[in-house]
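Okay, thanks for coming, everyone. I'll put a structure up on the screen and then walk you through what I found in it.

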Amino acid sequence: MRRYGKNPDEDDIRVRPNRKGNRPRTNIRPKHEDAAEGLVLTVDRGRLTCLIDDRTVTAMKARELGRKSAVVGDRVAVVGDLSGAKDTLARIVRVEPRTSTLRRTADDDDPFERVVVANADQLAIVTALADPEPRPRLIDRCLVAAYDAGLDPLLVLTKSDLASADALLESYGALGVPYVVTNREELTDGRAAEQVREVLKGRMTAFVGHSGVGKTTLVNALVPARRRATGHVNAVTGRGRHTTTSALALPLPGDSGWVIDTPGVRSFGLAHIDPSRVIHAFPDLEPGTAECPRACSHDEPDCALDAWVADGHADPARLYSLRRLLSTRERREGD
């Protein structure tokens, strides 16, 4: 049945009122071209502390971002009250494209990825030489994660006054990973901080390591103006107690770089990593994979890398190191 006449007028058309009193939905989103650029320093229960120019601003994620999250190290676009005054709250409306993303999973069979930090370009793997004992498998896993994310790894060995670093450094010598060795006396008098600052200059470096290795103590020495709480190692279990509960980005004195202190880890799952990407960190071995069979694990009888090394194109120790890293997913960190 025709509701209106043959030639209806605008006044004849009945428009239903919007009972909710709000505007109709639209797919058009504001561009926020006037948004300020900020750096996420820390995240705590849905509140993000961002550095904008020379002040810190507390912000929350805008609804329009959906499930996309921002993590420490992210460059973000922020609107709203940017004064940084107490009890003010701004909004993060955009997360800029990341240059790198360091991820981990809780275990190797956990499909859920956790983003540790964004936009770092160096990963400092902090390990104590004693009290607690070093865990080479955890170091291997962190190296794999660094290579996969495109970060330059750095070994920071602490407590050399309790044990020698020679054996551990020898096992990683073929990888050519730069390293710094420190002890408690050097941490006290400032020499360790100066030594480490030299390899952090101009870079954003994420610090990882399990609890009790002296990671936060070293960060406190590097940035004395922003001291964080530290814990101790349990004499019975040989494990440290978690004192750092959230990641925090801190500027080095003189604007010479950034350090990101992360909570201590008990495990570093690699379920998200495709082992075929790890070979990219071995430029002397990668050309030799051209003759490998399809889906080669690089640790099987017909792998072409054996012939590549036998022909003198690369050091056998490098191939051994690659295979040790690739097999680390099948071994637990404490093995």
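**Cysteines, barrel, cores and odd backbone**

So, cysteines to begin with: a search through the whole structure turns up 0 disulfides. Why is C292 not bonded to C303? Its closest cysteine sulfur is the one in C303, and at 3.9 Å that is too far for a bond, because a disulfide needs the two sulfur atoms within 2.5 Å. The story for C296 reads much like that: the closest cysteine sulfur sits in C303, 3.9 Å away, again too far for a bond. Both side chains are tucked in, by the way. C292 counts as buried at 15% relative accessibility, and C296 is buried with a relative accessible area of 13%.

Before I go on, remember that this is a predicted model. Mean pLDDT for the chain is 86, with 84% of residues at 70 or more. The stretch I'd flag is residues 231–242, where pLDDT stays under 50. The model does have 23 contacts beyond four places in sequence for that stretch. Still, where pLDDT is low, the coordinates shouldn't be read in detail.

Now the barrel. In what order do the strands close into a barrel? There are 5 of them, going β1-β2-β3-β5-β4, with mixed pairing. On average, neighbouring strands in this sheet are turned by 55° against each other, ignoring direction.

Let me go through some of the pairs. Strand β2, residues 47–52, runs antiparallel to β3, residues 55–61, and 5 bridges join them. One bridge there has L51 partnered with T56 in β3. Then β1, residues 36–44, pairs with β4, residues 75–80, in the antiparallel sense over 4 bridges, and L39 stands opposite R75 of β4. On to β4 and β5, the latter being residues 90–95: antiparallel as well, over 5 bridges. In that pairing, G80 has A90 in β5 as its bridge partner.

Okay, packing. Nonpolar side chains in soluble globular proteins tend to be buried together. Here the largest nonpolar core has 54 residues, and the members touching the most other members are L123, L143, F282 and L322. Helix α1, residues 136–149, gives the largest share of this core, 9 residues. Apart from that core lies another one, of 20 residues, including V156, V180, A193 and V219.

If you want to click on one residue, try L143. Leaving out residues up to four places away in sequence, L143 touches I125, P153, Y172, L175, V177 and L325.

And V219 from that other core turns up again in helix α5, residues 215–222. How many of the residues of α5 are buried? It's 7 of 8, so the helix is mostly covered, given that buried means under 20% relative accessible area. Among the buried ones are K215, T216, N220 and V219 itself.

Last bit, the backbone oddities. Most residues other than glycine have a negative phi, and most peptide bonds are trans. D131 and P132, though, are joined by a cis peptide bond, with omega about 5°. D131 also has a positive phi of about 55° without being a glycine. Both D131 and P132 sit in the loop between β8 and α1. At 36% relative accessibility, D131 counts as partly exposed.

The other one is H298, with a positive phi near 65°, and it isn't glycine either. H298 lies in the loop between β13, residues 258–261, and α6, residues 305–310. Buried or exposed, is H298? Buried, with a relative accessible area of 8%.

How values were computed: Residues numbered from 1 in each chain as written. Predicted model: local features only at pLDDT ≥ 70, side-chain atom pairs only at ≥ 80, totals over all residues. Heavy atoms only, no water. Pairing = 2+ DSSP bridges. Helix = DSSP H or I, 4+ residues; strand = E, 2+ residues; numbered from the N terminus. Axes fitted to C-alpha atoms, helices over the stretch in contact; angles between N-to-C directions. Buried < 20%, exposed > 50% of the residue type's maximum accessible area, 1.4 Å probe, protein only. pLDDT = per-residue confidence, 0-100. Contact = heavy atoms within 4.5 Å. Core = buried A, V, L, I, M, F, W, Y, C linked by side-chain atoms within 4.5 Å.
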